[in-house]
Each structure stands twice: as C-alpha cells, then as structure tokens.
Amino acid sequence: MLSLVLIDSCNNDISAVSKLEINKIFVGKYKIQCLKALMFYPELKNVNIEFREAEIGTTLAARPVITSFFNTDYERKYEVIFNNATHCEVPFSDLPEEGQIGILGHELAHILDYETKSFGQLLVTGCFYINAHSIRNYERGIDLVAVERGLGEKLYDAYYYILEESEASLRYKNFKKFTYLEPHEIMEVLQKTRIRIKF
Ligand SMILES: [Zn+2]
C-alpha cells in the first residue's frame with residue numbers, strides 16, 4: 001500500500017523506490033515520509049541510515065553513529081531520530097505530513113554534508129555547536145541545501161507550523177526563528193529561483 005503510493009510519484013519506477021531502501025532501517029509509521037524525502041537525495045542511495053524514535057532535545061536530529069567509525073569494515077552509519085515525547089516542544093507526529101518530509105529533508109542534507117567530511121572534520125563540525133552564531137550559519141546553510149533540492153515548500157510547511165501554529169514556548173520559537181531560515185525567507189528563495197527558471 002505504502003509502496004504503491006510512492007511508485008505513482010516515481011513515475012511507475014519500482015526499482016527507483018526499492019533502491020531508496022538499500023541500507024536503511026525505517027520506523028514503520030514514518031516510512032513513506034522518509035522515502036519521499038530520500039527521493040531528493042539520490043547520493044544517499046547506499047548510505048547506512050537508521051531512522052528510529054528516542055527522547056532527544058529537539059523534534060528530529062541526524063548524527064553519525066560514532067562507533068561505526070571504528071568498524072574494521074569502515075562502514076559509516078548515521079541515525080535520524082524522531083522525538084515524539086509528550087514534553088517535546090513540537091513532537092514530530094504533530095507536524096503536517098508535508099512538513100514532516102520537509103524537516104526530514106533538512107536532516108538528510110546534514111547527512112549529505114557529513115558524507116563529505118572525515119572523522120576529524122566531523123568533530124570540528126560538532127565544535128561549531130558551541131557558538132550560537134556558528135550554529136545559525138551552519139543550520140541556515142543546511143536549510144538552503146534542502147530548498148535547492150526542491151524541498152522548499154515542504155520545509156516552509158514545517159517551519160510555519162512550528163512558529164505559527166504549534167504550542168511550543170516562545171523561547172523555543174525564538175530559538176527556531178534565529179537559527180533556521182524563517183518561512184518568509186524560504187519563500188523569497190523560492191521566488192528568486194522561479195524568476196531564474198523563467199528567464
Ligand atoms: Zn539541522
């Protein structure tokens with residue numbers, strides 16, 4: 001059933017859908033959203049990614065599995081973690097479905113970035129997180145990657161929901177507003193892109 005919907009959106013290319021599942025572990029209820037987000041990142045086709053649920057400090061996060069860097073076969077692994085804890089400011093399950101695909105696309109853009117980095121460089125990326133302005137530059141850059149991949153409208157849905165419709169605290173909303181692209185900024189990028197395509 002889930003696959004059928006995706007096959008439709010993949011122009012009946014069954015192999016394209018099954019290729020997206022290589023080396024992936026999904027959380028059943030979000031599998032379709034994950035596959036739809038993965039369609040925007042063909043480079044991640046063979047990359048090991050486990051999607052799982054856990055209580056973390058944010059709605060969704062992607063990170064390298066550090067132990068995988070010490071495997072003898074040196075197969076990097078990443079995890080994308082959904083947070084649905086009741087005390088989470090914005091549980092993943094509360095987001096509209098298009099928004100869920102949008103922020104999954106943001107996390108996959110992180111993995112795309114991690115893939116270009118050595119273990120040492122990943123540690124440095126981690127160090128950026130010490131400074132709020134570095135986080136801002138990094139996260140907004142990651143948002144732009146997701147927008148350029150074609151996920152702009154979906155990311156807009158996610159951020160609009162978080163800022164305008166969710167019951168998150170003002171403190172959390174201000175953090176989101178400062179750190180990530182604001183919905184109107186995403187629209188501006190989309191409009192510029194459309195004008196570029198027209199000419
Ligand atoms: Zn991020």
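This is a short chat about the helices, core and sheet of a predicted model.

User: Hi! Can we start with helix 3: which of its residues are buried?

Analyst: Sure. The buried ones are Q33, C34, L35, K36, A37 and L38. That makes six of the eight residues in helix 3 (residues 31–38), so the helix is largely enclosed by the rest of the structure.

User: And the largest nonpolar core, which residues touch the most other members there?

Analyst: L38, L108 and L155 do, in a core of 41 residues. Several elements supply at least two residues each, among them helix 2 (14–20), helix 3, strand 2 (48–53) and helix 4 (97–115).

User: Which helix gives the most to this core?

Analyst: Helix 6 does, with ten residues.

User: Back to L108. What is L108 in contact with, leaving aside its neighbours within four places in sequence?

Analyst: Its contacts are A37, L38, Y41 and L44. Two of those names, A37 and L38, also appear among the buried residues of helix 3.

User: Nice. New topic: in what order do the strands of the sheet run?

Analyst: The order is 1-2-4-3, in an open sheet of four strands with mixed pairing. Strand 1 (24–25) and strand 3 are the edges; each has a single partner strand, so one side of each is left without a neighbour in the sheet.

User: Which strands does helix 4 touch when it packs on the sheet?

Analyst: Strand 2, strand 3 and strand 4, and the direction of helix 4 makes about 15° with that of strand 3.

User: Last one: are strand 1 and strand 2 parallel or antiparallel?

Analyst: Parallel, over two bridges. I25 has E50 in strand 2 as its bridge partner.

Note on methods
Residues numbered from 1 in each chain as written. Predicted model: local features only at pLDDT ≥ 70, side-chain atom pairs only at ≥ 80, totals over all residues. Buried ≥ 20, exposed ≤ 12 C-beta atoms within 10 Å, placed from the backbone. Core = buried A, V, L, I, M, F, W, Y, C linked by C-beta atoms within 7 Å. Contact = placed C-beta atoms within 7 Å. Pairing = 2+ DSSP bridges. Axes fitted to C-alpha atoms, helices over the stretch in contact; angles between N-to-C directions.
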